[in-house]
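Subject: Handing over the structure, with notes

Dear colleague,

I am passing this structure on to you, and my notes on what turned up in it follow below. Please read them with the structure open beside you.

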Amino acid sequence: MYAKVIVDIATGQTNRAFDYQIPASLEMLARPGSRVTVPFGARKIQGFIWRIEDKTELARVKPITDVLDPHPVLTQELLELGEYLAVETVCFLITAYQSMIPAAIRAKPKKKIELLVSTETLPPVLQAVFQKQTTIDWKDLPDDKAVMQHVQEAVRHEQIRIDYQVKDQTKKQTKRMLKLHPEHRTHAASLTAKAKKQLELYDWFLSIGDEEAAVPAAQLLHEQTASRAVIQGLVEKNILMERNQESYRDPFEDRSFEATPPQELTRDQQRALDPITEKTSREKHHTFLLHGVTGSGKTEVYLQAIDRVLQQGREAIVLVPEISLTPQMVERFKGRFGDQVAVMHSALSRGERYDEWRRVHAGDAKVAVGARSAIFAPFKNVGLIIIDEEHEGSYKQEDHPRYHAREVAIWRGIYHGAPVVLGSATPSLESYARAGREVYQLLEMPERINQKQLPAIDVVDMRDELHKGNRSVFSETLLEKLKDRLEKGEQSILFLNRRGYSSFVMCRSCGYTAECPHCEITLTYHQTKHQLKCHYCGYEEAMPATCPSCESEQIRYFGTGTQKVEEELTKVLPEARIIRMDMDTTTKKGSHEQMLRRFGNGEADILLGTQMIAKGLDFPMITLVGVLAADTMLHLPDFRAPERTFQLLTQVSGRAGRDKLQGEVVIQSYSPDHYSIQFAKNHDYPSFSRHEMGQRKRGGYPPYYYLTMVNVSHEEIGVALKTAEKVTSRLREELSPQAKILGPTVSPIARIKDRYRYQCMIKYRDEPELTKILNDIAVHYQKETAQDKLFITIDMYPQLFL
DNA sequence: GGTATGACCGCT
DNA sequence: GCGGTCATACCT
């Protein structure tokens, strides 16, 4: 038998299957989707078996070295999905497959040299290198010609051997388990009365009453106060037996989850649930758009739909934007489905993520809740896929493979005959338009479950505040309302939108702004280190004391950070207890969750934060939401800016008044009349959508046109431009006349890491040949891109335009 | 991505 | 004629 293997080398030349012979000893293990190690040239590398066939066209093939897992890591479905992704997103097959498995088992080959003879027989140079070790890492070798020569010599004389190891990056954890030896009764005779502790432990084991019961050694040490020596004694006497058992790391080990029984559904909820369960029970794919206002109880609909699917013996995938942002979501899922839930998320350690993935892979978990990549959960019988907050930009992966989780979800839904539910209070215009054309089925939940009104929204014109002489970040209105909540003992959220509003450095005297020497972008000021940093290449420099251009001392940083707001807040409301949540305060693992818990327990009056507090928080005591600068991202050069602003304002507003108390929202803005802000104020999604659709139609943007962005960059500006022109003219020739090809134009960021960037935008409605042409272009420039001189990136549904 | 290979160059 | 460097082809 022969295996067609996709090797772990992401280049154009190796983007195809290589044939290997399957040795008889591995025939049982080698299956499509198995991870394998194979010889490749002089090396040993990792790969995936793609297909198994009984013949090969090659005269001589090498055998597979090893199969790495007892069960294939990729299912037949995922193998096929990878092929689809590679074509649709223009990436290598191996890149698609690697993105489907946890980082812990992604290939990371190591080159080592192994000593075959005793040290003394080596030349002195190598003796010094090896010292007392028998194997050393290749990268630890001194970069020295003489040493290298000796190494080659020694390899020829078979004194040392070069060894390629392909190891997982994280080990499976094992637990030491102890149980009674099958013949413990016969051996028990050797226990004398002198071994008091051993007798005690033996008796304890007998008292369990189950001869087969295995107990973790750790438990014996803690709860039975048995010492290591006591256990060892019984093992040596063949009374106890020990064995290492693979175990899962449990990221929620020290947490218990309160059971959350199914709630009675409102009429809206029931009307949303019925069409979904109608499809799940018939195992039919269908895409639903669940449009429910904030607080309308979408999660309960998800939970009950999942429950039906589990009863059918099928599995469910739930995507959430970033789960650490919504610990409450995890609680509700764990509370309803307990251990059947696997949480897959970036805040977990690599080992924990691996183990949650393994629980899904082994069939021990039936519901996968996680961020974008959880869409690849290796289930075999998916019955339902849910994407919560479907409008979120984070469902699009911004590096290879540049997939959108929504499209992957629909692909898997069709494969399994499983419905896909897209849920949001503010659906993306793309999805809403598809629902309008009945490509998706629209389910509406226009009312909150508690019959509460949506919070009243007050838009404050900050220009007026300035005229009144108020130079603080808080308007009078907001400050008054904050004081009011403080007196009543109610809670407030203050939201500072920082996107497109970072702190930059400018000289007040000559207008100089600090820029990165490698990228055409302003440097960002970091208060913690008092440094200037480039967000694109990582370049850092110290904050200058005087202006490098005119030597004036009037060089200052601008922009408002949460830290500054906090300082000001403590000045005007000294008695308020404040929790600040941003990138700086939530870096430590679990700190995020802990802060939210403290806020939930009423240990603070005001929660101040950035994007991360905009979504999913559900605390009954929040009655006031303040948005400090609503329009910071309104004026970014991005056609989605108004949509993002509307979504964000609606989401944050939705945090207020979710329980018995009525909520209120204050939005501070310098452009209060902008339609995004006005429609958000009136909770009027349909009108916003209609208005924005008009704008998109005029501009030729999605959902009227699809977009694809091709970006070309090179160290030499001439080569970059020339190549971009060639690519553009080729697209003009080969696409239909209906397609609009814009460019090439200079990128909004004209230079990154010393490379000049040009881009070409394709606007189109129906171009079945497009992906083929783009793949051809990628192959055509393969040589240049392989040499790392020319970069061509192709992004099928770009979210960002920088 | 890493390695073997052969062309090319400068020095003997 | 030879060692060193560099671009390039190839890997089953």
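Two strands are said to pair if DSSP finds at least two bridges between them, and the helices (H or I, at least four residues) and strands (E, at least two) named here are DSSP runs, numbered from the N terminus. With those terms in place, strands S31 and S32 form a hairpin that has two residues between them, and Lys753 in the turn has a positive phi of about 50°.

Before going further, please keep in mind that this is a predicted model, in which local features need pLDDT of at least 70 and side-chain atom pairs count only at pLDDT 80 or more, while totals for chains, interfaces and linings use all residues. Residues are numbered from 1 along each chain as its sequence is written, chains are lettered from A and ligands numbered from 1 in the order in which they are written, and side-chain values use heavy atoms, with hydrogens and water left out.

The hairpin and its neighbour

Strands of a sheet pair through backbone hydrogen bonds, either parallel or antiparallel. In the hairpin, strand S31 (residues 740-752) pairs with S32 in the antiparallel sense over seven bridges, and Val746 has Tyr758 as its bridge partner in S32. S32 is also joined to S30 by nine bridges, and these two strands run antiparallel; here His714 stands opposite Tyr756 in S32. Is strand S32 enclosed by the rest of the structure, or left open? Nine of the ten residues of strand S32 (residues 755-764) are buried (under 20% relative accessible area, computed with a 1.4 Å probe on protein chains only; exposed is over 50%, and partly exposed is in between), so S32 is largely enclosed by the rest of the structure.

An open sheet of three strands

Elsewhere, three strands form an open sheet in the order S7-S6-S8, with antiparallel pairing. S7 and strand S8 (160-166) stand at the edges, each with a single partner strand, so one side of each has no neighbour in the sheet. From one strand to the next, the twist averages 30° (the axes are lines fitted to C-alpha atoms, for helices over the stretch in contact, and angles run from 0 to 180 degrees between N-to-C directions). Strand S6 (residues 109-115) and S8 run antiparallel and are joined by seven bridges, with Val166 in S8 as the bridge partner of Pro109.

The surface near DNA strand C

Which residues are closest to DNA strand C? It is surrounded by 14 residues, and the closest are Gln13, Asp19, Phe40, Lys62 and Gln787, where near means that a heavy atom of the residue lies within 4 Å. Of the atoms of DNA strand C that come within 4 Å of the protein, sugar and phosphate account for 45%. A polar side-chain atom of Gln787 lies 2.9 Å from a phosphate oxygen of DNA strand C, and an N or O atom in the side chain of Arg16 is 3.5 Å from a base oxygen of that strand. The elements that give two or more residues to this surface are strand S2 (17-21) and strand S3 (35-40), and S2 gives the most, with three residues.

Annotated cysteines

The UniProt annotation "binding site", from an unreviewed entry, covers Cys507, Cys510, Cys547 and Cys550; such annotations may be inferred rather than shown by experiment, their feature names are shortened, and positions are given in the numbering used here. Although these cysteines are spread over 44 residues of sequence, they cluster in space, with a largest C-alpha distance of 8.7 Å. Cys510 is placed in the loop between strand S21 (504-507) and strand S22 (524-526), and counts as partly exposed at 38% relative accessibility.

Backbone details

Most residues other than glycine have a negative phi, and most peptide bonds are trans. Gln131, although not a glycine, has a positive phi of about 50°; this residue is found in the loop between helix H3 (124-130) and strand S7 (135-137), and is exposed, with a relative accessible area of 56%. A cis peptide bond joins His400 and Pro401, with omega of about -5°, and another cis peptide bond joins Pro702 and Pro703, with omega of about 0°. Pro703 has its place in the loop between helix H21 (685-699) and strand S30 (706-714).

With best wishes

Technical notes: A polar contact is a pair of N or O atoms within 3.5 Å; within protein, one must be able to donate a hydrogen and the other to accept it, and residues adjacent in sequence count only if both atoms are side-chain atoms.
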